[in-house]
Amino acid sequence: MSKGKVSEKCSFTSTYKKFYKRLYYLALAIIKCPHLAHDITQETFIKAYYKKDTIVDMDKVGAWLSTVATRTAIDFCRKQKRICQVFQQELIEGMGCHTIVECEMELSCLKEDLCRQVMKLADKQREVLLLKVNGGLKETEIANVLHMKPTTVKVNLYRARKQLRRALTA
(Lines give C-alpha, C1' and ligand atoms only; values in the text may rest on other atoms or scores of the structure.)
Protein backbone atom coordinates (compact mmCIF):
# COMPACT_ATOMS: atom_id res chain seq x y z
CA MET A 1 0.00 0.00 0.00
CA SER A 2 1.43 3.40 -0.95
CA LYS A 3 2.02 6.18 1.56
CA GLY A 4 -0.81 8.27 0.02
CA LYS A 5 -3.32 5.42 0.43
CA VAL A 6 -2.31 4.84 4.06
CA SER A 7 -2.73 8.52 4.98
CA GLU A 8 -6.02 8.63 3.04
CA LYS A 9 -7.28 5.59 4.98
CA CYS A 10 -6.18 7.12 8.31
CA SER A 11 -7.87 10.39 7.40
CA PHE A 12 -11.17 8.68 6.64
CA THR A 13 -10.89 6.57 9.82
CA SER A 14 -10.28 9.65 11.95
CA THR A 15 -13.22 11.41 10.28
CA TYR A 16 -15.38 8.37 11.00
CA LYS A 17 -14.37 8.31 14.66
CA LYS A 18 -14.80 12.05 15.02
CA PHE A 19 -18.30 12.34 13.53
CA TYR A 20 -19.91 8.93 14.11
CA LYS A 21 -21.75 9.81 17.34
CA ARG A 22 -22.93 13.15 15.96
CA LEU A 23 -24.37 11.52 12.84
CA TYR A 24 -25.85 8.62 14.80
CA TYR A 25 -27.77 10.91 17.15
CA LEU A 26 -28.88 13.05 14.23
CA ALA A 27 -30.28 9.95 12.46
CA LEU A 28 -31.79 8.69 15.73
CA ALA A 29 -33.65 11.99 16.19
CA ILE A 30 -35.27 11.54 12.78
CA ILE A 31 -35.74 7.74 12.62
CA LYS A 32 -36.45 7.04 16.34
CA CYS A 33 -35.00 3.53 16.11
CA PRO A 34 -31.45 2.77 17.32
CA HIS A 35 -30.85 -0.09 14.87
CA LEU A 36 -32.02 1.92 11.90
CA ALA A 37 -30.05 4.97 13.08
CA HIS A 38 -26.89 2.83 12.97
CA ASP A 39 -27.78 1.74 9.44
CA ILE A 40 -28.41 5.33 8.35
CA THR A 41 -25.08 6.40 9.86
CA GLN A 42 -23.26 3.59 8.04
CA GLU A 43 -25.00 4.52 4.80
CA THR A 44 -23.90 8.13 5.31
CA PHE A 45 -20.26 7.12 5.67
CA ILE A 46 -20.49 4.86 2.62
CA LYS A 47 -21.82 7.79 0.58
CA ALA A 48 -19.10 10.02 2.02
CA TYR A 49 -16.41 7.51 1.15
CA TYR A 50 -17.50 7.40 -2.49
CA LYS A 51 -17.71 11.19 -2.68
CA LYS A 52 -14.59 12.02 -0.66
CA ASP A 53 -12.82 13.33 -3.76
CA THR A 54 -15.40 16.11 -4.10
CA ILE A 55 -14.64 17.63 -0.66
CA VAL A 56 -12.99 21.01 -1.10
CA ASP A 57 -12.84 22.41 2.45
CA MET A 58 -11.98 19.88 5.17
CA ASP A 59 -13.19 22.34 7.83
CA LYS A 60 -16.76 21.85 6.57
CA VAL A 61 -16.77 18.05 6.51
CA GLY A 62 -18.88 17.83 9.68
CA ALA A 63 -21.60 20.05 8.26
CA TRP A 64 -21.51 18.18 4.96
CA LEU A 65 -21.78 14.80 6.69
CA SER A 66 -24.65 16.08 8.84
CA THR A 67 -26.53 17.16 5.72
CA VAL A 68 -25.93 13.79 4.06
CA ALA A 69 -27.10 11.94 7.21
CA THR A 70 -30.22 14.10 7.51
CA ARG A 71 -31.17 13.61 3.87
CA THR A 72 -30.49 9.88 4.05
CA ALA A 73 -32.72 9.55 7.11
CA ILE A 74 -35.49 11.63 5.52
CA ASP A 75 -35.28 9.55 2.33
CA PHE A 76 -35.64 6.41 4.43
CA CYS A 77 -38.75 7.86 6.13
CA ARG A 78 -40.26 8.78 2.78
CA LYS A 79 -39.61 5.28 1.46
CA GLN A 80 -41.32 3.75 4.50
CA LYS A 81 -44.26 6.13 4.13
CA ARG A 82 -44.71 5.17 0.46
CA ILE A 83 -44.63 1.46 1.33
CA CYS A 84 -47.22 2.01 4.06
CA GLN A 85 -49.48 4.03 1.72
CA VAL A 86 -49.36 1.31 -0.94
CA PHE A 87 -50.19 -1.33 1.67
CA GLN A 88 -53.12 0.75 3.00
CA GLN A 89 -54.45 1.35 -0.52
CA GLU A 90 -54.33 -2.37 -1.31
CA LEU A 91 -56.03 -3.09 1.99
CA ILE A 92 -58.82 -0.57 1.31
CA GLU A 93 -59.38 -1.92 -2.20
CA GLY A 94 -59.56 -5.47 -0.83
CA MET A 95 -62.13 -4.53 1.83
CA GLY A 96 -64.79 -3.41 -0.59
CA CYS A 97 -65.82 -0.41 1.53
CA HIS A 98 -68.64 1.77 0.24
CA THR A 99 -67.60 5.11 1.72
CA ILE A 100 -64.36 6.71 2.78
CA VAL A 101 -65.58 6.89 6.37
CA GLU A 102 -66.33 3.14 6.37
CA CYS A 103 -62.89 2.42 4.96
CA GLU A 104 -61.15 4.65 7.49
CA MET A 105 -63.05 3.09 10.40
CA GLU A 106 -62.41 -0.44 9.20
CA LEU A 107 -58.76 0.35 8.58
CA SER A 108 -58.47 1.90 12.06
CA CYS A 109 -60.00 -1.18 13.68
CA LEU A 110 -57.74 -3.46 11.65
CA LYS A 111 -54.66 -1.47 12.71
CA GLU A 112 -55.66 -1.73 16.37
CA ASP A 113 -56.23 -5.48 16.06
CA LEU A 114 -52.92 -5.89 14.27
CA CYS A 115 -51.03 -3.90 16.93
CA ARG A 116 -52.62 -5.96 19.70
CA GLN A 117 -51.71 -9.20 17.97
CA VAL A 118 -48.14 -8.05 17.27
CA MET A 119 -47.70 -7.26 20.96
CA LYS A 120 -48.81 -10.82 21.80
CA LEU A 121 -45.99 -12.32 19.70
CA ALA A 122 -42.89 -13.71 21.37
CA ASP A 123 -40.19 -11.05 21.83
CA LYS A 124 -37.86 -12.42 19.15
CA GLN A 125 -40.68 -12.88 16.65
CA ARG A 126 -41.95 -9.35 17.29
CA GLU A 127 -38.48 -7.85 17.00
CA VAL A 128 -37.72 -9.68 13.74
CA LEU A 129 -41.11 -8.81 12.25
CA LEU A 130 -40.84 -5.11 13.13
CA LEU A 131 -37.33 -4.85 11.69
CA LYS A 132 -38.58 -6.50 8.50
CA VAL A 133 -41.81 -4.52 8.13
CA ASN A 134 -41.06 -1.16 9.74
CA GLY A 135 -37.32 -1.16 9.21
CA GLY A 136 -37.35 -2.52 5.69
CA LEU A 137 -34.39 -4.75 6.44
CA LYS A 138 -33.56 -7.96 4.63
CA GLU A 139 -33.27 -11.24 6.53
CA THR A 140 -29.47 -11.16 6.40
CA GLU A 141 -29.42 -7.58 7.74
CA ILE A 142 -31.79 -8.54 10.56
CA ALA A 143 -29.56 -11.52 11.36
CA ASN A 144 -26.55 -9.21 11.64
CA VAL A 145 -28.39 -6.68 13.82
CA LEU A 146 -29.79 -9.31 16.19
CA HIS A 147 -26.74 -11.58 16.08
CA MET A 148 -28.75 -14.54 14.79
CA LYS A 149 -28.40 -16.98 11.94
CA PRO A 150 -30.36 -15.99 8.80
CA THR A 151 -32.32 -19.25 9.00
CA THR A 152 -33.40 -18.40 12.57
CA VAL A 153 -34.62 -15.03 11.32
CA LYS A 154 -36.61 -16.70 8.53
CA VAL A 155 -38.17 -19.17 10.97
CA ASN A 156 -39.15 -16.36 13.36
CA LEU A 157 -40.66 -14.34 10.50
CA TYR A 158 -42.61 -17.34 9.26
CA ARG A 159 -43.95 -18.15 12.72
CA ALA A 160 -44.86 -14.51 13.43
CA ARG A 161 -46.73 -14.12 10.14
CA LYS A 162 -48.48 -17.45 10.61
CA GLN A 163 -49.59 -16.51 14.12
CA LEU A 164 -50.82 -13.07 12.96
CA ARG A 165 -52.68 -14.60 10.02
CA ARG A 166 -54.33 -17.14 12.29
CA ALA A 167 -55.29 -14.48 14.88
CA LEU A 168 -56.64 -11.99 12.34
CA THR A 169 -58.68 -14.50 10.35
CA ALA A 170 -60.24 -16.13 13.42
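A residue counts as buried when its relative accessible area is under 20%. Keep that cut-off in hand as we walk through the aromatic rings of this predicted model. Phe45 has a relative accessibility of 4%, so this residue is buried.

What does Phe45 pair with? The partner is Phe12, and the two rings meet edge-to-face, with 6.3 Å from centre to centre and 90° between the planes. Their contact joins distant parts of the chain: Phe12 belongs to helix H1, which covers residues 3-31, while Phe45 belongs to helix H2, which covers residues 34-50, and 33 residues separate the two.

Now let us look within helix H1. Tyr16 and Tyr20 both sit there, four residues apart, which is about one turn of the helix. Why is their pair called tilted? The ring centres are 5.2 Å apart and the planes stand at 45°, and an angle that is neither under 30 degrees nor over 60 counts as tilted. The two tyrosines also differ in how they are classed for burial: Tyr20, at 17% relative accessible area, is buried, whereas Tyr16, at 27%, counts as partly exposed.

Stepping back, we can place these pairs in a wider picture. The count of aromatic pairs comes to eight. Through ring pairs, Phe12, Tyr16, Tyr20 and Phe45 are linked into a cluster that also takes in Tyr24, Tyr25, Tyr49 and Tyr50.

One member of that cluster, Tyr49, has a further neighbour to look for. Lys52 lies over the face of the Tyr49 ring, 3.6 Å from its centre.

Technical notes
Residues are numbered from 1 along each chain as its sequence is written. This is a predicted model: local features need pLDDT of at least 70, side-chain atom pairs count only at pLDDT 80 or more; totals for chains, interfaces and linings use all residues. Side-chain values use heavy atoms; hydrogens and water are left out. Rings of Phe, Tyr and Trp (its six-membered ring) pair if their centres lie within 6.5 Å; planes under 30 degrees apart count as stacked, over 60 as edge-to-face and the rest as tilted. Buried means under 20% relative accessible area, exposed over 50%, partly exposed in between (1.4 Å probe, protein chains only). A charge sits over a ring if NZ of Lys or CZ of Arg is within 6 Å of the ring centre and within 35 degrees of the ring normal.
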